[in-house]
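Reader: Could you take me on a close look at a single part of this protein, starting from one acidic side chain and its charged partners? I would enjoy one connected account that then moves outward to the rest of the chain.

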Amino acid sequence: MKSLQTKKTHALGAALFAAAMALPFSNAAFAEAAPERGIVAFKYLNYEDSQPGEDRMGVNAYTVSAMVPIAGKWSISTSYTYDSVTGASPLYHSFIEPDMLSGASPIREQRYAGDLSVTRYFSKGSVTAGSSYSEENDYISRGYSLQGSLSTEDKNTTFTLGGSYTTDTIDANKEDWEDAGRTEDKRTVSGTIGVTQILTKQDIVQVNLGYSKGRGYFNDPYKFADFRPDRRESKTVMTRWNHHFDGPDGTSRLSYRFYTDTFGIRAHTFGLEYVQQLGNGLTVIPSARFSSQTAADFYRPTPFGFPPPGLFSVDQRLSAFGALTLGIKVEKRIAKDWLVDLKYENYEQRAGWCMTGGGDHGLAPFSATFIQFGLSREI
């Protein structure tokens, strides 16, 4: 097999796209009443990852979004994202020993993505319908979603129900891949149900249950000998608790998420944020997040030799590991209608941090940094 000339990062692109798209949609779906004013916003994200002695991938992403209220009962939200990916990533594995590091394939690609959603507000709830589209040279994703909320008479309890359908088309252009020129597809149906409860003047709790079922092409064609099931089902449980401290005028945000899927992965994620108002329109938000997952049933810790028949993958994202993310965000209202924010996060991943043990200790430590700048204005 010859060395590959390109290596794609669909999972990273999907994560960035989801982060950029989720916030406007969530705000619209959980709003108690129709907004009186619109918002325009700009976000810039820089991402860099590395392993010892190896600088890997870099991403620069730009997002422009807007929300406009209509007739006191409707709102329209839209956003557009452009990102560019450069650098290199291991072809099949990464080892601590320098002389055993796998070859890296150069990356240089661009992606364009956008979404549009419409929300109708009622006296005790709202309904939001949305669509999204993302395209790069060998990957197209289309998504459609519908989500509604309903509150009780006293507004203390809100129920939410939503669903989405996503279809992806993969057109691998890897010249040396045995399936080069083939077009594959993947279709995923997801649903979520949740309840938000106001407990006291200082406390709000939320529980969300999610289910996703996908069929089609889940392999990574740019990985060595990557053969995954053509079906994947996942279940999630997300809990949140926000508590406001009257004295310092600060709010803590605690969260826990459990994830399980038919690949055999079990994951736990614990999150903590603290929002502190400092006066003069300044807000500081430190955060910490720890996650741990088990390995997929078909993950193998070495790429050497011929792969066995059946399911097989050496993708380190399917291995057992633990990860810690520390971050801080600063927001500043610079005028009556303007808000600027700056966020920094550092991500560290280690096989030995897996809570249940069994991590692949042949993998080198993995690190990543996120820097995000935002500017928004009410209109």
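Author: Let's begin with D315, which counts as buried at 2% relative accessibility. Please keep in mind that this is a predicted model. The cut-off for a buried residue is under 20% relative accessible area, and D315, at 2%, therefore falls in that class. Its salt-bridge partner is R317, with the closest N and O atoms 2.5 Å apart. R317 has 38% relative accessibility and counts as partly exposed, so this salt bridge joins a buried residue to a partly exposed one.

The two do not stand by themselves. D315 and R317 belong to a network of salt bridges that also takes in D220, D226 and R228. For the whole structure, the search finds 18 salt bridges.

Two other salt bridges make good companions to this one. Take R37 and E378, whose closest N and O atoms are 3.2 Å apart. This pair links distant parts of the chain, with the two positions 341 residues apart. R37 sits in the loop between α1 (10-30) and β1 (39-51), while E378 belongs to strand β16 (residues 366-378). R37 is partly exposed, with a relative accessible area of 36%, and E378 is partly exposed as well, at 29%.

The other companion is the salt bridge between E153 and K124, at 3.1 Å from N to O. Here both residues lie in loops: E153 in the one between β6 (139-151) and β7 (157-171), K124 in the one between β4 (104-122) and β5 (125-136). The pair therefore ties together parts that are 29 residues apart in sequence. E153 is exposed, with a relative accessible area of 65%, whereas K124 is partly exposed at 31%.

Charge also meets an aromatic ring in this model. The charged end of R232 sits over the ring of F263, at 4.1 Å from the ring centre.

That brings us to the aromatic side chains, which form nine aromatic pairs. One of them is F245 with Y274, a tilted pair with 6.3 Å between the centres and 50 degrees between the planes. Why does this pair tie together separate parts of the sequence? F245 lies in strand β10 (residues 231-245) and Y274 in strand β12 (residues 266-279), so the pair bridges parts that are 29 residues apart. F245 is partly exposed, with a relative accessible area of 34%, and Y274 is partly exposed too, with 25%. Elsewhere, four tyrosines, Y44, Y62, Y82 and Y112, form one aromatic cluster.

Now for the wider setting of these details. The protein has one helix and 16 strands. Among its contacts with a separation of 6 or more, 59% are between residues 24 or more positions apart. The salt bridge of R37 and E378 spans 341 residues, and the aromatic pair of F245 and Y274 spans 29.

Buried residues make up 42% of the 379 residues in the protein, and D315 is one of the residues that count as buried. As for the outside, the accessible surface comes to about 19500 Å², with 60% of that area belonging to carbon and sulfur atoms.

Methods:
Residues are numbered from 1 along each chain as its sequence is written. This is a predicted model: local features need pLDDT of at least 70, side-chain atom pairs count only at pLDDT 80 or more; totals for chains, interfaces and linings use all residues. Side-chain values use heavy atoms; hydrogens and water are left out. Rings of Phe, Tyr and Trp (its six-membered ring) pair if their centres lie within 6.5 Å; planes under 30 degrees apart count as stacked, over 60 as edge-to-face and the rest as tilted. Helices (H or I, at least four residues) and strands (E, at least two) are DSSP runs, numbered from the N terminus. Buried means under 20% relative accessible area, exposed over 50%, partly exposed in between (1.4 Å probe, protein chains only). A charge sits over a ring if NZ of Lys or CZ of Arg is within 6 Å of the ring centre and within 35 degrees of the ring normal. Contact means heavy atoms within 4.5 Å. Accessible areas come from the Shrake-Rupley method with a 1.4 Å probe; for residues, only the protein chains shown count as cover. A salt bridge is a side-chain nitrogen of Lys or Arg within 4 Å of a carboxyl oxygen of Asp or Glu.
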